[in-house]
Amino acid sequence: MKDSSNKKIILIIFTVVITALLIIGIIFGAFVMLLIKMKEKQKIEDQETQIREAKIVERAENYLENKYGIKFLVNPDGFNDVESFIPGQVEHNYKLCYEASSLEDPNYVFRVYFDIDTNNNQYSEQIRDNYCWKFLRNELRACIENELDGILKEYKLVISIYPDLTFNNSITPKSQLLDFLKSDFTRLDININLFTPDNNEMKGNEQIIINTINELLEESNNCDIQFTYYISKSGKDFKNINVAEEEKSNLMISQNKKNNSNDSKSSIELIKKFDIRMSTEK
């Protein structure tokens, strides 16, 4: 009698264990299948994203070529910057930003922006860029150097803009600095850093720079200019200031290149002599 009862108990336990294992197997199998489907879906979405991004990069390159008449390369590693371009519609508007350079001058890096609006299932985009800063910066540099050459034997100028600044179609590679300063399309935010070695200080000639900047501001409709004067603690420090790299990093997106530039700058010992912030709003 006991043997029969034990056998029934063993059979029940065995049945329960087998059933439990089957249920666990089914759940595990379903989970694995779900995981595979999710991975396949993600793979398809990633491929679609890559195709979409490649098309955007191609549109940016075509836009730049049509606008300036030369070939450009756009770095596909851009970034998204969610920003409201229409009040109350933040979730429907965003900005894609890429760095670009021309084939004839790959060392000059600038930015290309896509302002995208997907409101009410309507897709629209506006492409903007700051390529012309290459030429306008040279104009600005020449204007300041014209004054500095009379008072300093050796110096370096690093001139940069707020990275998001872009120009409208009235600004072209042939535009003069005056065209740029008189434009009403956006606020100009310009940083000018002057570096001299420790044996070649400005020595009381700061007013010449102030007067020069004020003359620029008089021509501007809407501009901020930050002018900072540094003296390097040694000739080696002065030599290590790389104007081209500092100005290039201003508009670069690639974080690894930015970090390299910052690391090299942090090793240079500088003394800040004075800092001038001047602006005008008309």
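**Exercise 1. A network of charges**

Which residues are linked with Arg137 in a network of salt bridges?

*Solution.* Start at Arg137 and follow the charged side chains: Arg137, Arg141 and Glu247 are linked in a network of salt bridges. Keep in mind that you are looking at a predicted model. Next, place this network in the wider picture: the structure holds nine salt bridges.

**Exercise 2. A bridge from helix 1**

Find the partner of Lys67 in a salt bridge, and work out which parts of the chain the pair ties together.

*Solution.* Step one: the side chain of Lys67 meets that of Asp129 in a salt bridge, at 2.9 Å from N to O. Step two: Lys67 belongs to helix 1 and Asp129 to strand 5 (residues 124-129), so the pair ties together parts that are 62 residues apart in sequence. Step three: look at the cover of each partner. Lys67 has 26% relative accessibility and counts as partly exposed, whereas Asp129, at 0%, counts as buried.

**Exercise 3. Two further pairs**

Locate the salt bridges of Asp189 and Glu269, and say how far apart in the chain the partners of each pair are.

*Solution.* Take Asp189 to begin with: its side chain meets that of Arg277 in a salt bridge (3.5 Å, N to O). This pair links distant parts of the chain, with Asp189 in strand 7 and Arg277 in strand 9 (residues 270-281), 88 residues apart. Asp189 is partly exposed at 22% relative accessibility, and Arg277 is partly exposed at 45%.

Now turn to Glu269, which forms a salt bridge with Lys233; their closest N and O atoms are 3.6 Å apart. Here, too, distant parts of the chain are linked: Glu269 sits in the loop between helix 7 (255-266) and strand 9, Lys233 in the loop between strand 8 and helix 5 (235-240), 36 residues apart. Glu269 counts as partly exposed at 44% relative accessibility, and Lys233 counts as partly exposed at 46%.

**Exercise 4. Following the strands**

Are the residues of strand 6 mostly buried or exposed? Trace the pairing from strand 6 through strand 7 to strand 8.

*Solution.* Begin with strand 6 (residues 156-161): six of its six residues are buried. In a regular strand, side chains alternate between the two faces of the sheet. You can see this here: Lys156, Val158 and Ser160 point one way, while Leu157, Ile159 and Ile161 point the other way, and all are buried.

Then move to the neighbor. Strand 6 runs antiparallel to strand 7 (residues 188-196), and six bridges join them; Val158 stands opposite Asn193 in strand 7. From strand 7, nine bridges lead on to strand 8, and these two run parallel. As a landmark, find Asn191 opposite Gln226 in strand 8. Strand 8 (residues 222-232) is mostly covered as well, with ten of its eleven residues buried.

**Exercise 5. Patches on the surface**

Which residues gather in the patch of negative charge, and which helix gives its largest share?

*Solution.* On the surface, pick out Glu147, Glu215, Glu218 and Glu219, which gather in a patch of negative charge. Helix 4 (residues 206-219) gives the largest share, three residues. Glu147 comes from helix 2 (residues 133-148) and is partly exposed, with a relative accessible area of 31%.

To finish, look for a nonpolar patch: about 880 Å² of surface is made by residues including Ile9, Leu11, Ile13 and Phe14. Ile13 lies in helix 1 (residues 2-68).

How values were computed:
Residues are numbered from 1 along each chain as its sequence is written. This is a predicted model: local features need pLDDT of at least 70, side-chain atom pairs count only at pLDDT 80 or more; totals for chains, interfaces and linings use all residues. Side-chain values use heavy atoms; hydrogens and water are left out. Patches are made of residues with over 30% relative accessible area and no salt bridge: like charges are joined within 9 Å, nonpolar side chains (Val, Leu, Ile, Met, Phe, Trp, Tyr) within 5 Å. Accessible areas come from the Shrake-Rupley method with a 1.4 Å probe; for residues, only the protein chains shown count as cover. A salt bridge is a side-chain nitrogen of Lys or Arg within 4 Å of a carboxyl oxygen of Asp or Glu. Helices (H or I, at least four residues) and strands (E, at least two) are DSSP runs, numbered from the N terminus. Lys and Arg count as positive and Asp and Glu as negative; His and the chain ends are not counted. The place of a charge is taken as NZ of Lys, CZ of Arg, CG of Asp or CD of Glu. Buried means under 20% relative accessible area, exposed over 50%, partly exposed in between (1.4 Å probe, protein chains only). Two strands pair if DSSP finds at least two bridges between them.
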